[in-house]
Protein chains: 2
Amino acid sequence: MPSSIPSLNPPHRLLLGPGPTPVAQRVYEAMGKPIVGHLDPFFFQINENIRPWLRTVYGTENPFTMVLSGTGSAGMEAAVSNFVHADTKVVVFIAGYFADRIAEMSRRQGATVVRVEKPWGETFSDAEIREAILREKPTMVGYVTAETSTGVWQNGDALCQAAHEVGALVIADCVTSLGTMPINVDKTGIDIAFSCSQKGLSCPPGLSPITVSERAMERLRARKESNRTWYLDFKLLDEYFGGQKRYHHTAPISMFYALHEGLALIMEEGIEERFARHKANHLELIAGLEGLGLKMLVNNPHRLWTLHTPIIPEGKDDMTVRKSLLDNYGIDFAGGFGPLAGKIWRIGLMGEGSKKENIALLLEGFKKALSA
Amino acid sequence: MPSSIPSLNPPHRLLLGPGPTPVAQRVYEAMGKPIVGHLDPFFFQINENIRPWLRTVYGTENPFTMVLSGTGSAGMEAAVSNFVHADTKVVVFIAGYFADRIAEMSRRQGATVVRVEKPWGETFSDAEIREAILREKPTMVGYVTAETSTGVWQNGDALCQAAHEVGALVIADCVTSLGTMPINVDKTGIDIAFSCSQKGLSCPPGLSPITVSERAMERLRARKESNRTWYLDFKLLDEYFGGQKRYHHTAPISMFYALHEGLALIMEEGIEERFARHKANHLELIAGLEGLGLKMLVNNPHRLWTLHTPIIPEGKDDMTVRKSLLDNYGIDFAGGFGPLAGKIWRIGLMGEGSKKENIALLLEGFKKALSA
């Protein structure tokens with residue numbers, strides 16, 4: 001057994017992939033601050049600060065807006081497990097990995113799952129969505145606002161309208177959109193939305209902000225059989241974070257400090273200004289990549305402002321280009337996976353990472369790598 | 001919207017309750033270090049470092065020893081949901097809140113649950129355990145090594161032996177024992193053990209170290225129906241943290257940095273030396289509390305070295321005493337809850353918190369408060 005183990009010395013990576021993404025310095029500093037107990041008034045005050053800020057980034061007035069003690073994937077599982085069970089018929093619109101995972105989690109809950117599928121990277125038209133929902137008459141509908149595997153934005157207006165016409169609730173994955181693009185939970189009609197603490201919120205991964213409509217909470221309260229998931233049970237979590245402050249689990253205090261500061265930065269910037277920054281930087285990066293002769297997987301107006309997916313040009317090798325940017329510029333980004341493995345790159349400009357100087361570095365790096 | 005939101009300024013609490021517990025300075029520093037990606041070789045190296053250290057603190061050679069991206073409560077849910085389902089008969093030995101929760105999680109999975117109960121704070125004798133297991137012939141047995149609600153250590157030797165005689169696997173809650181008392185997973189015969197990153201490991205809450213025996217992994221591999229919990233599915237997690245490094249979720253990188261440093265501190269101290277420190281400080285605190293006329297809820301040899309539960313003397317008020325120690329010494333500890341609410345205090349000396357100077361402060365504080 002060594003008598004002295006060197007402290008961790010992580011390499012400096014410029015994280016411009018699909019996530020995790022750059023963390024704000026103020027957030028790092030917050031995680032070094034002394035923790036308090038999970039039932040301390042100071043901890044509950046942090047939550048009282050966080051909740052209205054989350055409502056602002058989500059675009060909602062939902063009272064049930066809070067933070068789960070798990071990553072974005074735990075948020076998806078919470079959304080599914082609280083509302084999808086053996087008696088549920090769920091329609092999932094799938095054109096990428098994360099929508100597929102909503103279907104897989106629903107299958108595990110014993111639900112009847114209708115997969116409406118398109119090739120990865122495509123979007124669903126209002127007519128296609130409406131037809132599927134009116135035909136299947138599900139009790140739940142799942143979709144992904146910002147598909148991290150493809151870079152696609154899926155509009156949810158027609159989806160939520162059709163779902164509510166047949167009495168279904170809507171689950172929306174907002175992992176790669178929250179804090180960077182307008183989600184407008186209330187205006188769109190989303191019932192259950194989940195996201196993560198990294199990406200648009202500029203914190204490390206580890207927490208999942210969620211919001212649930214009153215309509216969905218009513219259905220949850222009427223649910224007779226217990227949620228199989230105790231850890232992610234919204235009823236129990238409501239008793240902890242809500243008025244009763246009843247002990248549930250020991251929350252990850254330092255991560256909540258981080259999220260408080262990440263959201264404070266958004267409030268200071270202003271949510272509209274933040275959206276505008278992400279859009280402007282997105283357009284600048286796309287123009288630059290197209291200027292280098294790259295073509296995008298996703299057409300306008302379906303592109304995310306956060307995640308850019310150029311097609312790997314004929315004759316260029318995925319890993320060689322990525323290694324060139326990592327070795328020469330310290331930039332870490334990702335390739336595609338599943339059916340898009342070796343076919344696209346995934347370049348993220350999110351939160352703290354959405355900066356002019358990062359765009360300049362990326363374009364310089366790609367120019368060098370592509371001309372090699 | 002405020003143009004400038006003050007940075008968080010948490011109060012300094014000396015956390016000497018049941019948890020969360022004091023965090024080592026080296027751990028705080030680690031969380032301020034730059035994050036890398038969840039598929040970065042540096043991140044997998046951290047895991048390769050962590051895993052043998054966890055085997056040392058657990059006392060096991062289990063290959064499947066890893067870290068879940070959730071708190072200790074998520075660890076309990078993972079242990080239950082991977083092994084308890086509709087076809088399972090589970091016996092749970094309950095003399096406190098956390099054992100009760102194993103039963104509740106099992107009930108939610110649709111299992112047949114046999115609750116073997118005693119009043120909170122008592123222990124089960126070898127004969128009682130053996131009789132119940134041989135009578136019920138369950139497929140799973142659950143118990144708590146260190147009951148955080150009462151301060152009781154439950155020996156597991158006879159339990160594991162009887163369980164294996166009838167072909168059952170054993171789940172053991174090690175939340176308040178790991179890193180402070182010998183658990184001896186292999187020698188005892190525990191099949192699935194879970195814990196948390198705070199308490200004995202001196203990190204903030206947020207992660208759950210687990211270990212699973214080969215016997216249990218075989219049963220898991222033979223399980224036909226999918227685990228309902230995707231997020232905590234050991235088969236999928238094995239593909240991520242194991243040889244294949246297949247993407248599952250985005251791990252909370254900063255928390256893994258923290259755990260790396262918390263475990264490094266244990267390795268530097270030496271596990272036997274650490275156990276001895278906890279035992280010596282435990283004995284010193286008990287002697288001091290008894291010297292002040294306090295009686296303990298738990299008799300020897302069933303006392304935890306981590307959590308001390310003096311009975312609140314007649315005529316003394318729970319909250320008045322706690323407020324006195326908080327106001328005069330900054331010491332935050334807890335009262336009892338459930339059937340022990342208002343009847344005991346819960347005083348923790350764990351990991352970074354198990355120090356001579358904390359004992360001196362505690363005793364000074366209690367002397368002052370009790371004579372008031």
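In which loop of chain A does A:K137 lie? In this predicted model, A:K137 is placed in the loop that runs between α5 (126-136) and β5 (140-144) of chain A. The backbone of A:K137 adopts a positive phi of about 45 degrees, although the residue is not a glycine, and A:K137 is classed as exposed because 12 other C-beta atoms lie within 10 Å, where 12 or fewer is the criterion for exposure. A comparable backbone feature is found in chain B, where B:K245, likewise a residue other than glycine, has phi near 50 degrees. B:K245 belongs to the loop between α9 (234-241) and α10 of chain B and, with 15 C-beta neighbours inside 10 Å, counts as partly exposed. Most residues other than glycine have a negative phi, and most peptide bonds are trans. Departures of the second kind are also present in the model: a cis peptide bond, with omega about 0 degrees, joins A:G19 to A:P20, the latter being situated in the loop between β1 (14-15) and α1 (25-31) of chain A. In chain B, B:N300 and B:P301 are joined by a cis peptide bond whose omega is about 0 degrees, and B:P301 is located in the loop connecting α11 (271-291) with β11 (307-308) of that chain.

The relation between the two chains was examined next. Chain B is superposed on chain A by a rotation of 180 degrees with 0.0 Å of shift along the axis, the RMSD being 0.0 Å, and the two copies are therefore related as by a two-fold rotation axis. Within chain B, the C-alpha nearest this axis belongs to B:G70, at 2.7 Å from it. The two copies use the same surface, in that 100% of the contact residues of chain B recur in chain A. In the interface itself, 65 residues of chain B are in contact with 65 residues of chain A. On the chain B side, α1 (25-31), α3 (72-83), α4 (97-108) and α10 (253-269) each supply at least two residues, and the largest share, nine residues, comes from α10(B). Sorted by class, this side of the interface has 29 nonpolar, 25 polar and eleven charged residues.

Helix α4, one of the contributors to the interface in chain B, was considered in further detail. The twelve residues of α4(B) should span 16 Å at 1.5 Å a residue, and the distance of 17 Å between the end C-alpha atoms agrees with this expectation. Its buried residues are B:F98, B:A99, B:R101, B:I102, B:A103, B:M105, B:S106 and B:R108, and the elements that cover them include α3, β3 (89-94), β4 (112-117), β5 (140-144), β6 (146-147) and β8 (169-173) of chain B. Just after this helix, B:G110 takes a positive phi of about 85 degrees. In chain A, A:I102 is located in helix α4 (residues 97-108) and is buried, since 28 other C-beta atoms lie within 10 Å and 20 or more are required. Apart from neighbours within four places in sequence, A:I102 is in contact with A:M76, A:V80, A:V92, A:G142, A:I171 and A:D173.

The domain assignment divides chain A into domain 1 (25-267) and domain 2 (271-371), whose C-alpha centres lie 27 Å apart. The contact between these domains takes 24 residues from domain 1 and 22 residues from domain 2. On the domain 1 side, α2 (41-58) and β7 (152-153) of chain A each supply at least two residues, and the residues of that side divide into ten nonpolar, 13 polar and one charged.

Helix α9 (residues 234-241) of chain A has as its buried residues A:F234, A:L237, A:D238 and A:F241. These residues lie on the same side of α9(A), because they cover an arc of only 105 degrees around the axis. An α-helix has 3.6 residues a turn, so residues three or four places apart point the same way. The buried residues of α9(A) are covered by elements including α2, β2 (64-68), α3 (72-83), β10 (208-212) and α8 (214-222) of chain A.

A buried position also occurs in a loop, as A:L297, which has 23 C-beta neighbours inside 10 Å, is found between α11 (271-291) and β11 (307-308) of chain A. Residues up to four places away in sequence being left aside, A:L297 touches A:G121, A:T150, A:G151, A:T309, A:I311 and A:I344.

Conventions. Residues numbered from 1 in each chain as written. Chains lettered and ligands numbered in written order. Predicted model: local features only at pLDDT ≥ 70, side-chain atom pairs only at ≥ 80, totals over all residues. Contact = placed C-beta atoms within 7 Å. Helix = DSSP H or I, 4+ residues; strand = E, 2+ residues; numbered from the N terminus. Nonpolar A, V, L, I, M, F, W, Y, C, P; charged D, E, K, R; others polar. Expected span 1.5 Å × (residues − 1). Domains from an automatic or database assignment. Arc of directions from axis to C-beta. Least-squares fit on C-alpha atoms with pLDDT ≥ 70 in both.
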